[in-house]
Amino acid sequence: MLFDDSRRIKQDFAYKGDLKFTYAENFFALSLAALDYTRPEKNMYAYKMEGFDRDWIRSGHNHFARYTNLDPGEYVFRVKGTNNDGVWNEVGSSLRISILPPYWKTPWFRVLALGIFVGAIVLVHRVRLRARLRQCARMEQVKRMEAERVRKKAATDFHDELGHRLTKIGLFTEIVKRKLSEASPEILQYLDKIIDDSRSLTNDTRDFIWTLDPDKDSLFDVAVHLKECGEEMFDRTGIAFITTGISENLLQIKLPMETRRHLTLIFKEGMHIIMKHSGCRHVTFAVSLETECLRISLSDDGRGYSGADRSGYGLQSMRQRAEKIHSSIRFDSEPGKGSRIEVTARTL
Amino acid sequence: MTGMPGDTPIISVAIVEDDDEIREGLAILISGTEGFLCTETYRDCESANTGIGLSKTDVVLMDIQLPGMSGIEGIGAIKERSTGTDVIMLTIHKDDDLVFRSLCAGATGYLVKNTEPGRILDAVREVVNGGAPMSTNIARMIVNSFRKTTNTPLTAREAEVLTNLCKGQSYKMIADALFVSEQTVHFHIKNIYQKLQVHSKSEAVAKAIREKLV
């Protein structure tokens, strides 16, 4: 018995072995021949494609077996024939035929496709999750900015109203003081106290509003604010107030609200102490930005103080403030040699 | 300034302020101080415009936020009728954008309302004598405003004064650094203010033209 696949197997002899077709070649005819050449036209055939045909197919004298559209898979083609007398050769012959599945039906492709599919879902999910998180963060920021704005607005309104009232208190007290110019110095002294207190109240409120302002968030703003406080405080006191090291480079150093507040309060306190106790002629407020730290100092050429006096003068509260903002503070002074306060903070 | 025979000239001051108590209080203080005379008080710009134009007051203390015409709008009208009059703005916030806009509109200076009365009078006297106050932040706003133009109208000296002000230096420190008197620093700053006004006017005109073309 011979199988002849004229396309693939050119030799005209009994082909033993397997035939492999791709999924696109699942349309073929097998030509059959029984090895009885007495009267070949009398030979009869029966064949069966195991895996596709349920029963034997008797084709009679027709020696072609045609198959179309075989699914990918493993098949065994069996064939038997008769001689010209119609005697069946029950042994027959067989041929293994495998039709290879297309690449998209192969297991490895399916695993890969599934992997890609799952990967894509995970990716999409993560991207969406991230977008949602970003949106949440954005909304959170908008809310925070809105809260900040409301807080600033409320604080500013309060400050304006307070400033307005305190302006009046200042004006009226000044008028009273002038009208009472013949009065006892004791009364005038109290009037001055009222004026001083109302003024420091406005200044403190102004400082407070200033720290709340989210736009004033750099070291530059702190330095300029302190410079203005100093100029105002030492104006007409006979003490020259000098600043060094303020430049727009300081704008790059952003400081949190707490740090700005404590720095301001430390140096305002320092200025107060110098004005009240030092008896100096020059005060220098210096800011310097070094590679890893920033240094802010306030020095004077006044009478100075000894180590024993160091507990007083509000130095303790300044030290506590410095600790709160994780910076170090130094007080240097000797009697007769002026004094110096220096705050050092790491910028990295 | 109204010349008084055999005496230092008296500075005449007009006040435009909508709060009655502050207005009257300031008037009493000013008139009660030697060398000053409060000649007029107005509660709004509308009434101030005509009055001040006629009287040629030396200084107008002008509240920024007024009902009706704002203090900033009022500056132009006053300067038009009486070029020699200095307008000093009264404000609650000294680094305000409103202060900057007032300076662009022609104000010569500004005072924080709650300033000690003695200092208010000093500031008025300084402005009349050619002084001009400028804080660090205002100096920076001016620098930014000029930065937009390609050829700056400022002289090298004026630019130098402005740069030093931006660094937080006081007038005295600048005077020492440039080997000039404080008076000269004041003179430069007054010129900077004038150039700022011309500059903002031309910028406003340019902007209007641009917007009409679009």
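Visitor: In which strand is the place of Val79(A)?

Guide: In this predicted model, Val79(A) belongs to strand β7 of chain A, which covers residues 73-82.

Visitor: How should one decide whether Val79(A) is buried or exposed?

Guide: One counts the neighbouring C-beta atoms within 10 Å, and 20 or more of them make a residue buried. Val79(A) has 26 other C-beta atoms within that distance, and it is therefore buried. A separation along the chain can also be set beside one in space: Val79(A) and Ala65(A) are 14 residues apart in sequence, and their C-alpha atoms are separated by 9.6 Å.

Visitor: How much confidence does the model carry in chain A, and where is the pLDDT below 50?

Guide: Where pLDDT is low, the predicted coordinates should not be read in detail. For chain A the mean pLDDT is 84, with 93% of the residues at 70 or more. The stretch with values below 50 is residues 1-13 of chain A; beyond near neighbours in sequence, this stretch has 20 contacts in the model.

Visitor: How many residues does each chain bring to the contact between chain A and chain B?

Guide: The size of an interface is often given as the accessible area lost when the parts come together. Here the description is by residues: 23 come from chain A and 21 from chain B. On the side of chain A, at least two residues each are supplied by α1 (107-179), α2 (185-212), α3 (219-234) and β9 (240-244). Of these, α1(A) gives the most, with eleven residues. By character, the side of chain A that touches chain B holds eight nonpolar, six polar and nine charged residues.

Visitor: How does the span of α2(A) compare with the expected value?

Guide: The expectation rests on 1.5 Å a residue. With 28 residues, α2(A) reaches 40 Å from its first C-alpha to its last, close to the expected 40 Å. Its buried residues are Thr202(A), Arg206(A) and Thr211(A), and these pack against α1 and α4 (257-278) of chain A.

Visitor: What is the order of elements in chain B?

Guide: Chain B has nine helices and five strands, and from the N terminus they run β-α-β-α-β-α-β-α-β-α-α-α-α-α. Of the 214 residues in chain B, 44% are buried. Where contacts in chain B join residues at least 6 apart in sequence, 61% of them link residues at least 24 apart.

Visitor: What covers the buried residues of α1(B)?

Guide: Helix α1(B), residues 20-31, has twelve residues and spans 16 Å, close to the 16 Å expected. Its buried residues are Gly25(B), Leu26(B), Ala27(B) and Ile30(B). The cover includes α1 of chain A, as well as β1 (11-16), β2 (36-42), β3 (59-63) and α5 of chain B.

Visitor: Which residues touch the most other members of the largest nonpolar core?

Guide: In soluble globular proteins, nonpolar side chains tend to be buried together. The largest nonpolar core has 60 residues, and Val13(B), Ile88(B) and Val124(B) touch the most other members. Helix α5 of chain B, residues 117-128, gives the most to this core, with six residues. Domain 1 (11-128) and domain 2 (136-213) of chain B both give residues to the core, so it lies between them. Leaving aside residues up to four places away in sequence, Ile88(B) touches residues including Val59(B), Leu61(B), Met62(B), Tyr110(B) and Val124(B). Another core lies apart from this one; it has 30 residues, among them Cys229(A), Leu255(A), Cys280(A) and Val343(A).

Key:
Residues numbered from 1 in each chain as written. Chains lettered and ligands numbered in written order. Predicted model: local features only at pLDDT ≥ 70, side-chain atom pairs only at ≥ 80, totals over all residues. pLDDT = per-residue confidence, 0-100. Contact = placed C-beta atoms within 7 Å. Helix = DSSP H or I, 4+ residues; strand = E, 2+ residues; numbered from the N terminus. Nonpolar A, V, L, I, M, F, W, Y, C, P; charged D, E, K, R; others polar. Buried ≥ 20, exposed ≤ 12 C-beta atoms within 10 Å, placed from the backbone. Expected span 1.5 Å × (residues − 1). Core = buried A, V, L, I, M, F, W, Y, C linked by C-beta atoms within 7 Å. Domains from an automatic or database assignment.
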